[in-house]
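User: Could you take a close look at one buried spot in this model for me, and then walk outward to the parts around it? Keep it casual, but stick to what the coordinates show.

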Amino acid sequence: MADISIDRVSKVFTTARKRTVALNETSLAIATDEIVCVVGPSGCGKTTLLNLVAGFLEPTAGTISVGSREVAGPGADRAVVFQADAVFPWLSVAENVAYGMRMQGLGRAERAARAERYLELVGLADFRSAYPKELSGGMRKRVDLARAYASGPEVLLLDEPFGALDLFTKEAMWLALQGVVRAEPKTIVFVTHDIEEALFLGDRVVVMTPRPARVHSVVDVPFGTGRDLELRAGPEFQALRNEIAHTLREVHDDAA
Ligand SMILES: Nc1ncnc2c1ncn2[C@@H]1O[C@H](COP(=O)(O)OP(=O)(O)O)[C@@H](O)[C@H]1O
Ligand SMILES: [Mg+2]
């Protein structure tokens, strides 16, 4: 279990042709087992922020801590799920899920048992022997999720993981993710440009400013655990959705 502390983090990309300030003294604190969804204009720096927490990038200034440790590179305490599937086509579903555990040196029996547990949690137990090409896009995303969980992280970082899925598949993935998280809570940072997705999944929704990304505002989501899809039709959900859409439109207009 671990919280995340992002403390006055800046990230400047310098190439031969230009200098891009992606983050400028961005701060954000995420509690243990909290789900924070991050929305913001495209190109504002959301992926950069996630990659910094993942340890794929190094901050230009500031510090990021996960639990009591300062992030100094990628680590087994953090698992990442991207929009693109991260499945190996030559491995079965169960082998894909067990892959990270093999890298961690777990024994065969424990790998198999843990893979099975997470395949059940994401609703893929019947497909354990299938190969990725036999699976739909949603199913491959379930493999990704099971793989991320099976590696035993404290923190899950998701960057528009369901961005390429159609609406109904996406809704099914929301419920699948919610189910896994209920069974095994994690500290989660979920980047999305889908406001409904953010409100449906998040404990808080963080709205970023245009680049350089800073936290513009934070919305507390009051819906508790065990949310169902009908929630979206309710007045409270609609009001929050409109409020966030309004904020995003405002920051967009300011930048334009
Ligand atoms: N490796 C990189 N080198 C140079 N510029 C980058 C790099 N990665 C991202 N950027 C720039 O940083 C800004 C933020 O990008 P990104 O974090 O991907 O935004 P978002 O995920 O919010 O759409 C963009 O202007 C992008 O072009
Ligand atoms: Mg991005």
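Analyst: Let's start with the contacts of Ile 64. Leaving aside residues up to four places away in sequence, Ile 64 touches Ser 5, Ile 6, Val 9, Leu 52, Val 53, Arg 69, Glu 70 and Val 71. Bear in mind that this is a predicted model. Ile 64 sits in strand β4, which covers residues 61–66. Its relative accessibility is 3%, so Ile 64 counts as buried, the cut-off for that being under 20%. For a sense of distance, take Gly 224, which is 160 residues away from Ile 64 along the chain: the two C-alpha atoms are 28 Å apart.

Two of those contacts, Leu 52 and Val 53, lead us to helix α1, residues 46–54. Eight of the nine residues of α1 are buried, so the helix is largely enclosed by the rest of the structure. Leu 52 and Val 53 are both on the buried list, along with Lys 46, Thr 48, Leu 49, Leu 50, Asn 51 and Ala 54. Right after α1 comes Gly 55, with a positive phi near 90 degrees.

Strand β3, residues 35–39, is mostly covered too, with five of its five residues buried. Ile 35, Cys 37 and Val 39 point one way from β3, while Val 36 and Val 38 point the other way. That fits the general pattern: in a regular strand, side chains alternate between the two faces of the sheet. As for neighbours, β3 pairs in the parallel sense with strand β8 (residues 187–191) over four bridges, and there Val 36 stands opposite Val 189. β3 also pairs in the parallel sense with strand β9 (residues 204–208), again over four bridges, and Cys 37 has Val 205 as its bridge partner in β9.

One last stop is a helix pair. The axes of α4 (residues 137–150) and α5 (residues 167–183) come within 10 Å and cross at roughly 20 degrees. That makes α4 roughly parallel to α5, since angles under 35 degrees count that way. The crossing of α4 past α5 is right-handed. From α4, Gly 138, Lys 141, Arg 142, Leu 145 and Tyr 149 take part, and they meet Thr 169, Ala 172, Met 173, Ala 176, Leu 177, Val 180 and Val 181 from α5. By type, the residues of this contact split into eight nonpolar, two polar and two charged.

Key: Residues are numbered from 1 along each chain as its sequence is written. Chains are lettered from A and ligands numbered from 1 in the order in which they are written. This is a predicted model: local features need pLDDT of at least 70, side-chain atom pairs count only at pLDDT 80 or more; totals for chains, interfaces and linings use all residues. Side-chain values use heavy atoms; hydrogens and water are left out. Axes are lines fitted to C-alpha atoms, for helices over the stretch in contact, and angles run from 0 to 180 degrees between N-to-C directions. Helices (H or I, at least four residues) and strands (E, at least two) are DSSP runs, numbered from the N terminus. Angles under 35 degrees count as roughly parallel, over 145 as roughly antiparallel, 65 to 115 as roughly perpendicular and the rest as oblique. A crossing is left-handed if the near helix is turned anticlockwise from the far one by less than a right angle, and right-handed if clockwise. Contact means heavy atoms within 4.5 Å. Ala, Val, Leu, Ile, Met, Phe, Trp, Tyr, Cys and Pro count as nonpolar, Asp, Glu, Lys and Arg as charged, and the others, Gly among them, as polar. Buried means under 20% relative accessible area, exposed over 50%, partly exposed in between (1.4 Å probe, protein chains only). Two strands pair if DSSP finds at least two bridges between them.
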